[in-house]
Amino acid sequence: MAMPHPPVLLAPQNPMENDKDTQKLTFEASSMQYQPNIPSQFIWPDHEKPCLTSPELEVPAIDLKVFLSGNPQAISSACSQVHEACKKHGFFHIVNHGVDGKLKSQALNLLDDFFSMQLSKKQRAQRKVGELCGYANSFIGRFSSKLPWKETLSFRYCADHSSKTVEEYFVNVMGEDFKQLG
């Protein structure tokens with residue numbers, strides 16, 4: 001069977017890193033299934049792995065309609081729920097946010113398209129050192145072992161509704177063909 005993507009675990013292209021001990025690997029989730037072996041940097045100790053019998057996580061739902069009601073008690077309660085969800089789980093699910101379902105679906109499809117691209121294309125949007133926006137995988141700058149098995153695409157919030165920050169980012173780093181991702 002032909003592999004649709006090149007191998008996903010790569011040494012960095014940074015010429016400053018010549019020491020084999022400091023070289024780190026890159027993780028590409030879309031092609032991991034084609035790897036015959038998992039590098040040791042991605043293997044976590046048994047005592048830190050999730051158990052097979054762990055209960056299913058109930059994702060905390062935060063009702064934004066209640067938050068937007070203007071009722072101080074409701075707002076305080078919603079803030080407490082967010083705080084608790086972040087402490088306990090690190091994430092939550094927003095409901096009644098008013099975002100059009102078609103727009104949500106389109107955004108998720110475009111994200112699927114992005115993360116399905118070959119690593120070389122995704123790396124055109126690679127987050128630069130010291131910046132908060134862009135593509136990242138493995139957090140290779142922060143860890144040398146027990147590497148996270150994830151890829152992220154991050155952007156900052158801009159309260160200026162006329163701003164096209166994300167759209168401009170994709171056009172600038174990946175080209176006009178990627179404007180729709182923004």
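Of the 182 residues in the protein chain of this model, 21% count as buried. The model is a predicted one, and the values below are computed from its atoms. The accessible surface of the protein chain amounts to about 13100 Å², and 55% of that area belongs to carbon and sulfur atoms.

The protein chain contains five helices and four strands. Read from the N terminus, these elements follow the order β-α-α-β-α-α-β-β-α. Among the contacts between residues at least 6 apart in sequence, 56% join residues at least 24 apart.

Helix α5, which spans residues 165-174, offers a way into the interior. Its buried residues are T165, Y169, F170 and M174. Viewed down the axis of α5, these buried residues fall within an arc of 130 degrees, and therefore they line one face of the helix. The partners of the buried residues of α5 are two helices, α3 (101-116) and α4 (119-122), and two strands, β3 (134-137) and β4 (151-154). After α5 comes G175, a residue with a positive phi, near 110 degrees.

The packing around α5 leads to the largest nonpolar core, which has 11 residues. Its members are F114, M117, L119, A125, C133, Y135, L153, Y169, F170, M174 and F178. The element that gives the most to this core is α5, with three residues.

Charged side chains form a second theme. A search of the whole structure finds four salt bridges. One of them joins E151 and K122, whose side chains meet at 2.7 Å, N to O. E151 belongs to strand β4 and K122 to helix α4, so this pair ties together parts that are 29 residues apart in sequence. Both E151 and K122 are buried. Strand β4 and helix α4, which hold this pair, are also among the elements against which the buried residues of α5 pack.

A further salt bridge is formed by E167 with K179, and their closest N and O atoms are 3.8 Å apart. This pair links distant parts of the chain, since E167 lies in helix α5 and K179 in the segment after α5, 12 residues apart. K179 counts as partly exposed because its relative accessibility is 35%, a value in the range between the 20% limit for buried and the 50% limit for exposed residues. The pair is part of a wider arrangement: E167, E176 and K179 are linked in a network of salt bridges.

The salt bridge between the side chains of K87 and E84, at 3.8 Å from N to O, is placed within one element. Both residues lie in helix α2, three residues apart, which is about one turn of the helix. K87 is exposed, with a relative accessible area of 57%, whereas E84, at 40% relative accessibility, counts as partly exposed.

The surface also has a nonpolar feature. L57, V59 and F91 make a nonpolar surface patch of about 250 Å². Of these residues, F91 is located in the loop between α2 (72-88) and β2 (93-95). With a relative accessibility of 36%, F91 counts as partly exposed.

Conventions:
Residues numbered from 1 in each chain as written. Predicted model: local features only at pLDDT ≥ 70, side-chain atom pairs only at ≥ 80, totals over all residues. Heavy atoms only, no water. Buried < 20%, exposed > 50% of the residue type's maximum accessible area, 1.4 Å probe, protein only. Arc of directions from axis to C-beta. Contact = heavy atoms within 4.5 Å. Core = buried A, V, L, I, M, F, W, Y, C linked by side-chain atoms within 4.5 Å. Patch = residues over 30% accessible without salt bridge, like charges linked within 9 Å, V, L, I, M, F, W, Y side chains within 5 Å. Areas by Shrake-Rupley, 256 points an atom, 1.4 Å probe, with all protein chains shown as cover.
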